[in-house]
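Subject: Structure for you to look through

Dear colleague,

I am passing on a structure that I would like you to look through at your own pace. Please open it beside this message, and then read the notes underneath.

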Amino acid sequence: MKLVEAPDYMSMSKQAADYIATRVREEPTMTLGLATGGTPLQTYRYLIQDYENKETSYQHVQTFNLDEYLGLPKDHHNSYYTYMKQNLFDHIHIPPSHTHIPNGMCTDVAQECEMYEKKLDQAGGMDLQILGIGENGHIGFNEPGTSFLSTTHLVKLTESTRKANSRYFSSMSEVPTHAITMGIQSIMKSKEIVLLVSGERKSAAFRRLMNKEVSEEFPASALCQHKNVKIFADHEALG
Ligand code: PGA
């Protein structure tokens, strides 16, 4: 794992976005794995700026999102579909048919998971996966205890994750209890991983990752077994 240190959130986001945009220009037909949450927001803003200034093309890029809440319609203001549209897709001229996000309103969850994993495989797996990390070490919505062999699956969110995400909802009771997420194996199949870590809130998880002790109790530790991981972290996260 290669660590890129930045003094603050803005600078971490700029460095990550510059790197990702460069990779897209090098490989314009790439399959890009995307994450949601607070951390990647500024990286996406810089990617939009880069698109506007340098005309980096997303016409032939395919994207796959890590996860989606179960039970939220696409147009719900808290769905990850809406998040991606508002924070990236609507601004980079990517064909909507090239963007893939699990369907949180599917009637057959097992079938949805199977189809999503199949689509990923048909696309040849991810070339570059953007990841955040949860305070409990989750990646995607793979909570502690998830098998490293997991593929796309249904998860029951832990109370700590629901609480962390409740800041986007008007009350805790509105936070979905379940989600569909790529599994750890799905993530590990990506040729390259870019992990974004920011803020004091993440410093314990970051320290634990850097201990490099691999355990399913700490999902992010799977990344220690991946050959091509870049971690962009700011000073608050570094502790
Ligand atoms: P955050 O979430 O970026 O909103 O902190 C990251 C995660 O939970 O994976």
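The notes below begin with the ligand and then turn to three single residues.

This is a predicted model, in which local features need pLDDT of at least 70 and side-chain atom pairs count only at pLDDT 80 or more, while totals for chains, interfaces and linings use all residues. Residues are numbered from 1 along each chain as its sequence is written, and side-chain values use heavy atoms, with hydrogens and water left out.

**The ligand**

Around the ligand, counting residues with a heavy atom within 4 Å of it, you will find Gly37, Gly38, Thr39, Gly132, Ile133, Gly134, His138, Arg167, Arg201 and Lys202. This shell divides into one nonpolar, six polar and three charged residues, where Ala, Val, Leu, Ile, Met, Phe, Trp, Tyr, Cys and Pro count as nonpolar, Asp, Glu, Lys and Arg as charged, and the others, Gly among them, as polar.

An oxygen atom of the ligand lies 2.6 Å from a polar side-chain atom of His138. For Arg167, the distance from an N or O atom of the side chain to an oxygen atom of the ligand is 3.0 Å, and for Arg201 a side-chain N or O atom is likewise 3.0 Å from an oxygen atom of the ligand. Of the 280 Å² of accessible area that the ligand has on its own, the protein covers 87% (areas come from the Shrake-Rupley method with a 1.4 Å probe).

**Two residues with positive phi**

His93 is not a glycine, yet its phi is positive, near 55°. His93 is placed in the loop between helix 3 (80-92) and strand 5 (99-100); helices (H or I, at least four residues) and strands (E, at least two) are DSSP runs, numbered from the N terminus. His93 counts as exposed because its relative accessible area is 56%, given that buried means under 20%, exposed over 50% and partly exposed in between, with a 1.4 Å probe and protein chains only.

Lys212, also a residue other than glycine, has a positive phi of about 60°, and it lies in the loop between helix 7 (203-210) and strand 10 (229-234). With a relative accessible area of 47%, Lys212 is partly exposed.

**A residue in a helix**

Lys118 belongs to helix 4 (residues 109-122), and at 53% relative accessibility it counts as exposed. Its C-alpha atom is separated by 9.5 Å from that of Thr152, which is 34 residues away along the chain.

With best wishes

Note on methods
A polar contact is a pair of N or O atoms within 3.5 Å; within protein, one must be able to donate a hydrogen and the other to accept it, and residues adjacent in sequence count only if both atoms are side-chain atoms.
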